[in-house]
Amino acid sequence: MRSQEHTAQLGTEELAKRENNFRQGKINLLSCSTTLEMGVDIGELQAVVLRNFPPHVSNYQQRAGRAGRRTDGVAVTLMYGQRRPHDRFYFEEPERLIAGTNQIPRLDPTNAQIQQRHIRAELLSAFLSTQGIGAEKVRIGDFFELNHDNPVTIQDSQSPETSMAAQFVGWLHNDNARELTHEWLERLQGNMPVNSLISAFLDEFNRFVGEQLGDWNELVDLLMTCVRDIDALGFNLKERKPLEKRRDGLLSELHKVASRQLHDQLVQASILPIYGFPIDVVRLLTGKSNEFKSSQGRHRLERDRRLALSEYAPGQDIVVDDRVYQSVGVLRPSDLEERYYWVCKHCNHFDRYGDPDITVEECPTCHQRPNKTHDQKVYAYRVPKAFMTDWSKEAQVTPYLKPLRQPTSQVFLASAGQPSETWVGIVYKLTSSRSGEFFLANRGYFSGPSQAFCICRSCGRDLTEKVIGKQQNTTRSLKHTHPIAGRECGGGYERLHLGHVFKSDLLKIEFCHTPEPPPSLFGAVHHYQGDRTVESIESDIASNATSGRSFWHSLTYALLAAAAQELDIRREELDGLFRPLNNGQAELIIYDNVPGGAGYSRRIAERFREVLQKAYALTSTCSCQTSCYDCLRTYSNQFFHQELDRNLVADFLQPIVDKIAPDETLQNFARGSYRVSLGSVTDTLPVLFRTAQTATIYLPQMQDEWKLNHNAPMPWISRITDAVNSTRNAGNPVILIICHLPAPNSDAHRFWRKRLSQWIDEGVLKLYQTDIKKFPVLAITTAQGSSVALGLNSKESGCEWIQTLQREGVEDVQQRLDQLKERSISAHELEDPDTTIIFPNPSWGKLSLSELRQKLGLETCLDGSEITKISYSDRYFYQAGAEILAKLLQNKNITANTQILIDTKENSRDRSISTSDRKRQLEKALASLNIGKSNLKIAVYPDRTSRLEHGRILEVWRTDGSHHRIFFDKGVDFIEESNKDYYRIKESTHIVISRSSNSKNSKIIDR
């Protein structure tokens, strides 16, 4: 078997080659990243193996759907779960992933940034049409007139006046550009002035020009240095060879720069529109880039900058095509602007500065003074544009263990941008902003007081390992080689962090004047960006900080989940954090987790009351103990799963929701109430009753008239049975309050009365009657110590349950239930001397036929005077059941004159036997009763008939006028012949025997 990699790390031509080889069978197995999600045709595929559980339903469908497209065989999808919360959850509930649903993508066309990008695309397209070329055909080299065959440095990073880039700048100043801009603003109903939009476009474009030409100039400078070194060696071929290889690699890199598509580069710079793909991309340069003379080389190592800070940072191993490369430095660090930031170790306050000599004596938020001198200093950071490997070293063979990613810091709000609108509610203040700046950093892979990368100012190589333990001065140089050129470099190093700044729309949320103040925020605030980063900030957390941190984390994720539901967008398109305030509380920041923002934040503010209500419902209605994937947990917040607690959020939001959106129905039921669907309660009721320690139940009657069991009657007797069995061990009788007691006028009612009477005698049930007729109400305390109260509520569209999990709310309901206990019912009041209830169960063991008849109560029904008629009706009566019934009825009182009537029904699901054959089989099975053939009458009714809907009834008439009616809950199928002349009970059931005699001997048999 031959396997190869298929990932976005490879060039497009190499990927196409491997796809063709796979189709032809030259490759048997492709080891892929998510590159195969996007519609690549790889031909017939029989199996897909996933090394973890995909994040979302759409990911699973795209990956698993690759198999079985063109084969007649069975397609197989195999998933391996890792030891992490996400995989564990879907391993236990795979149907949530396999049979889940996807949300419909949505877009806000009124977002000003989205409008600007689309108008810019139209302007560029209009200009290029004057040049007779489409945007997808334009390369960077052509656009800026770059000659990669004879490369030269572009002076001042300004494109030549004859280039298309310079012509485009001139075209943006003419009337055609303004008219087109005005036309599109009217179509999109934008309110931005034409001149302002074009001016902003020019500013962004000039920045883009400087970056592109800067990349070119840096590589040209390295090439010129390499060429001079080669010329200086003369005819020394041994030393010239590695330099010539590096020269060819640099020429290949210049070719790649010149071959970049203009459209792709403008998209990555956030100038043109794009949705769903990274736009702030960082490269990792390797010496293998020049092995194949394609436009992109064999390797195409690019990552969104947020991921690159973790995956491509110096010291990080990167697996590419079965080889491991190590990142050793940052490309052109001297060209990167150096800035500074500071984080409070106590409250996590964040600030940015422009002066490296600033020392922070006191935190402006918590007013704590840094404990150590180095904690007062600001951290230097630069935003990398590319990383490098050591081109002089060969890649290593792939190890068995996957390389660990370096941790990055939490996400900080660096600048709130320009506030656009403010909303002030009763208990909250909201401020939405455009173009807020967010920051995160990689502080280096070594910990310690001066944690940072030690980067050479000249070549960009990371010298941290050389510096650690030597306490070298930052101005002193260390002997090392240039990662790309391979020559010795004598540059000095500096300590710095690698940062990333991204922009997005945001919403600031501050709670004020709440009925109950939120927990104070002390110690460090931990917020992880997705599943790819871990905490890198050390702090001493106060002992009382855990609940505060847990609350703010839980509240953040509750609001994010609720906002995504309210706006009907993917949860991944929103993210959030919280930061400390001077009063010891925190403010929440929700931001659009899409490039440049998508207008979600403002929509959340406009519907914030509904978001709060959804957040409360989300956290108060979930059946989990603290958190789960139905409320707070997501794939990306796995590190916090043990810290999330929905109960903290529900307790905080309940009085707020009651204040901003009072609901009289909920308030009248109990404190902390909320609405729950019929279906969800139907599914949870069995669990509640089976784990009950105490239970108080009010029912207007035992018969369910609302069809609460998924549009079928709720089997209250089964639920009460579960509660009795559970509370029996705890020594707490079930309290049952009924308005109308079941009358002994049906088999079901007779059974209920006998069952209730039995429990009362055993002391496991207390029964009360009330004259007040209400909807069902329940109050239960489970074995886990949690309490719940439920009440049925009628509404125009049907019924709903109202539920409370608050201890105080359950107490409210319990007090009202206690007031309904008007009259206690004794077991004697439920006695029915003419009814016997029998409960067969497997514990009876092996029985002879005589013992079986006696324990089933049939001896008393058959003994006595001669039997004149027997009737048995059973919808599912077949030969096996008939043979059992015939043996049960064997008695001397059945004579040749006894009539036996059998009623059954066709079964449309069973076509294996005809009606006539079925009748013949039943006649043969009942022939052992030795009655006259004319006295056995078997009727098989059509399946569509309404007769025998509930019929599993045996009736016996005798010459003395007595009549016995035996109701079999499960027919006679619960009996099986274990071996000759011996029988056993397969499953537990019950039998109701009623008689028309005046016998006063009534009993319950439960063996």
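These are my notebook entries on what I looked up in this structure, which is a predicted model.

**Entry 1: the chain as a whole**

I began with the secondary structure of the chain and found 26 helices and 41 strands. I then looked up burial and noted that, of the 1007 residues of the chain, 52% count as buried. For the contacts with a separation of 6 or more, I recorded that 72% are accounted for by residues 24 or more positions apart.

**Entry 2: the nonpolar cores**

In soluble globular proteins, nonpolar side chains tend to be buried together. I therefore turned to the largest nonpolar core, which has 96 residues, and asked which of them touch the most other members; these are Phe-511, Leu-555, Leu-559 and Leu-736. Helix H14, residues 545-567, gives the most to this core, with twelve residues. I followed Leu-559 further and, leaving out residues up to four places away in sequence, listed its contacts as Ile-509, Phe-511, Leu-588, Ile-590, Val-611, Leu-612 and Ala-615. Another core, of 52 residues, lies apart from the largest one, and I noted Leu-123, Val-138, Trp-171 and Phe-208 among its members.

**Entry 3: helix H5**

Leu-123 led me to helix H5, residues 112-130, which has 19 residues and reaches 27 Å from its first C-alpha to its last, close to the 27 Å expected at 1.5 Å a residue. The buried residues of H5 include Leu-123 itself, together with Ile-119, Leu-124, Phe-127 and Leu-128, but also Arg-117 and Arg-120 as well as Gln-113, Gln-115 and Gln-116. After H5 comes Gly-132, with a positive phi near 70°.

**Entry 4: the loop between H6 and H7**

I next looked up two residues in the loop between H6 and H7, starting with Glu-145. Glu-145 is partly exposed because its relative accessible area is 40%. Not counting residues up to four places away in sequence, Glu-145 touches Pro-160, Thr-162 and Ser-163, and its C-alpha is separated by 8.0 Å from that of Met-164, 19 residues apart along the chain.

Asn-150 lies in the loop between H6 and helix H7 (164-171). Is Asn-150 buried or exposed? Its relative accessibility is 52%, so Asn-150 counts as exposed, the cut-off being over 50%. I also noted that the C-alpha atoms of Asn-150 and Leu-251 are separated by 9.4 Å, with their positions 101 residues apart along the chain.

**Entry 5: helix H10**

Helix H10, residues 237-259, has 23 residues, and I compared its reach of 32 Å from first C-alpha to last with the 33 Å expected at 1.5 Å a residue, to which it is close. Among the residues buried in H10 I listed Leu-243, Leu-250, Leu-254 and Val-257, along with Arg-240, Arg-246, Glu-253 and Lys-256. Helix H6 (140-144), helix H9 (194-232) and strand S5 (281-285) are included in what covers the buried residues of H10.

**Entry 6: cavities**

Rolling a probe the size of a water molecule over the atoms shows where empty space is left. I found three cavities of 30 Å³ or more, and the largest cavity has a volume of about 50 Å³. Its lining consists of Ser-420, Ser-432, Ser-433, Arg-434, Asp-505, Leu-506, Gly-599, Ser-601 and Arg-602. The elements that give two or more residues to this lining are strand S16 (428-442), strand S20 (493-511) and helix H15 (600-606), and S16 gives the most, with three residues. By type, I recorded one nonpolar, five polar and three charged residues in the lining.

**Entry 7: from S24 into H20**

Most residues other than glycine have a negative phi, and most peptide bonds are trans. Against that background I noted His-710, whose phi is positive, near 55°, and Asn-711, which has a positive phi of about 70° although it is not a glycine. His-710 is in the loop between strand S24 (692-699) and helix H20 (716-730), and Asn-711 is found in the loop between S24 and H20. Asn-711 counts as exposed because its relative accessibility is 63%.

For H20 I checked the span: its 15 residues should span 21 Å at 1.5 Å a residue, and the end C-alpha atoms are 21 Å apart, which agrees. The buried residues of H20 include Trp-716, Ile-717, Ile-720 and Val-724, and also Arg-719 and Asp-722. What covers the buried residues of H20 includes helix H19 (678-690), S24 and helix H21 (747-762), as well as strands S25 (734-738), S27 (777-782) and S29 (798-804). Gly-731 follows H20 and has a positive phi, near 75°.

Methods
Residues are numbered from 1 along each chain as its sequence is written. This is a predicted model: local features need pLDDT of at least 70, side-chain atom pairs count only at pLDDT 80 or more; totals for chains, interfaces and linings use all residues. Side-chain values use heavy atoms; hydrogens and water are left out. A nonpolar core is a set of buried Ala, Val, Leu, Ile, Met, Phe, Trp, Tyr and Cys residues joined through side-chain atoms within 4.5 Å. Buried means under 20% relative accessible area, exposed over 50%, partly exposed in between (1.4 Å probe, protein chains only). Helices (H or I, at least four residues) and strands (E, at least two) are DSSP runs, numbered from the N terminus. Contact means heavy atoms within 4.5 Å. On a 1 Å grid over the protein atoms alone, a cavity is a set of points where a 1.4 Å probe fits but cannot get out, and a pocket is an open set with protein on both sides within 12 Å along at least five of seven lines; lining residues have an atom within 4 Å of a point. Grid points are joined across faces, edges and corners, and a volume is the space filled by probe spheres set on the points. Ala, Val, Leu, Ile, Met, Phe, Trp, Tyr, Cys and Pro count as nonpolar, Asp, Glu, Lys and Arg as charged, and the others, Gly among them, as polar. The expected span of a helix is 1.5 Å times one less than its number of residues.
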